[in-house]
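Please look through the structure shown here before reading on; the paragraphs that follow lead from its aromatic rings to a helix and then to a single loop residue.

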Amino acid sequence: MDKVDTIIIGAGIIGLAVAARLSARYPGRTFVIMEQHEQFGCETSSRNSEVIHAGIYYPSGTLKARLCVEGRELLYTYCEDRKIPHSRPGKLIVASTPEECASLDSLLEQAAANGVENLEMLDRKMVARLEPHIRADCALFSPSTGIVDSHALMARLEEDALQNGVLPAYCHCVTAIERHDGGYRVGFQNPDGSSDVLDCLSVVNCAGLQADRLAAAAGIDIDGAGYRHHFCKGEYFSLPPAKAALVGRLIYPPPLHELTGLGIHVTKTLDGRLILGPNTIYVDEIDYRVDPARACEFYDAVKSFLPFVELSDLEPEMAGIRGKLSGPGQPFRDFVIAEESSRGLPGLINLMGIESPGLTCCLSIARMVDSLL
């Protein structure tokens, strides 16, 4: 193959959504999706809470706010049309002190500014009626928050892309991106370890944790551009089935300062399990081990609103790594989704810092990439 139209780097939830979107919109063009692992979704896309977010938290006008609200409805429609397992149990953002209750008023205002208008403020008695085993003085109820089977979602997006003629290249690790002949020459390592190149007109960098490395490979000063990723680990613990049966919805504390995370929250999975997490730990390398000693941290975080939980209930579940643009102690950073003509790289689209609510936004991000191309 001498030349293709577009190479999409990364077969996580975003890369698959982009591949499915572009191949459906432009059936006469050739698309290749390159992924360093042997299958899709091996990193951040398969190691998260699988929550479909409503769009409550993010500053108005940001990509996270706009794409989350738009993407939520696109995702629900896609899941219903394609019979992808999902549910819409809603979530409670709970508060137990006057200060926390006041913070929920601010969240309600933020949500309204973002176009999320179906929230309801609940007092103690109303919380008890919805979730009798939860302790909270007040709560904000979000009925449009849901859960999706992220693996089934990715499998269907891959199927759509392949049916549209996208060429998959798993176990192909991209090593270089160079301007060449009006487009790009992408260097990569084959499954057998040999090196090769493929020319294309445009590149979409959806490489997740490695997206900043590939932007640098294309010649971008990632520190000057604000593209450098900071690895942020999130661990999860699970509760036994008897305790899981006591909760029917997602339960969240008020969000952390500067949205470094949404706090250790409670997710009711599609198969009925109850998962606590994630925490927020900046790390220097990718390591998916869960430290059992952190059970105390998780217990302390949830015991005020999950009074039935005992420390001995907690079992290590999993861990994920998200690539954040904000480092420790730094303020909120939005997604970066940029067509790089201004840097002398026309036809290169970089997606940086695609953390939560990236899963919710996958289809709206794909729409945005389409518009940029």
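Rings of Phe, Tyr and Trp, the last taken by its six-membered ring, are treated as a pair if their centres lie within 6.5 Å, and a pair counts as stacked when the planes are under 30 degrees apart, as edge-to-face when they are over 60 degrees apart, and as tilted otherwise. In this model, which is a predicted one, that rule gives a count of two aromatic pairs. One of them is formed by Tyr57 and Tyr58, whose ring centres are 6.2 Å apart and whose planes meet at 70 degrees, so the pair is edge-to-face. Both partners can be placed by their accessibility: Tyr57, at 6% relative accessibility, counts as buried, and Tyr58 is buried with a relative accessible area of 4%.

The other pair brings together Phe237 and Phe298, with ring centres 4.7 Å apart and planes at 55 degrees, so this pair is tilted. It links distant parts of the chain, since Phe237 belongs to strand E13 (residues 230–238) while Phe298 belongs to helix H9 (residues 295–302), and the two are 61 residues apart. Phe237 is buried, and Phe298 is buried as well.

Rings also take part in another arrangement, in which a charged group sits over them. The charged end of Arg29 sits over the ring of Tyr26, at 4.1 Å from the ring centre, and the charged end of Arg47 sits over the ring of Tyr288, at 3.9 Å from the ring centre.

From the rings we can turn to helix H10, which spans residues 362–372 and is largely enclosed by the rest of the structure, because eight of its 11 residues are buried. Those buried residues are Cys362, Leu363, Ser364, Ile365, Ala366, Met368, Val369 and Asp370. Their cover includes helices H1 (13–25), H2 (63–82) and H5 (150–163), together with strands E12 (195–205), E19 (336–339) and E20 (348–352).

How buried or exposed, finally, is Arg273? This residue lies in the loop between strand E15 (265–268) and strand E16 (274–277), and at 35% relative accessibility Arg273 counts as partly exposed, because that class falls between the limits of 20% and 50%. If its neighbours within four places in sequence are left aside, Arg273 is in contact with Ala244, Thr267, Lys268 and Glu317, and with Glu317 its side chain also forms a side-chain polar contact of 2.7 Å. Cys42, by contrast, is 231 residues from Arg273 along the chain, and the C-alpha atoms of the two are separated by 22 Å.

How values were computed
Residues numbered from 1 in each chain as written. Predicted model: local features only at pLDDT ≥ 70, side-chain atom pairs only at ≥ 80, totals over all residues. Heavy atoms only, no water. Buried < 20%, exposed > 50% of the residue type's maximum accessible area, 1.4 Å probe, protein only. Helix = DSSP H or I, 4+ residues; strand = E, 2+ residues; numbered from the N terminus. Contact = heavy atoms within 4.5 Å. Polar contact = N/O pair within 3.5 Å; in protein donor to acceptor, adjacent residues only side chain to side chain. Lys NZ or Arg CZ within 6 Å of the ring centre and 35° of its normal.
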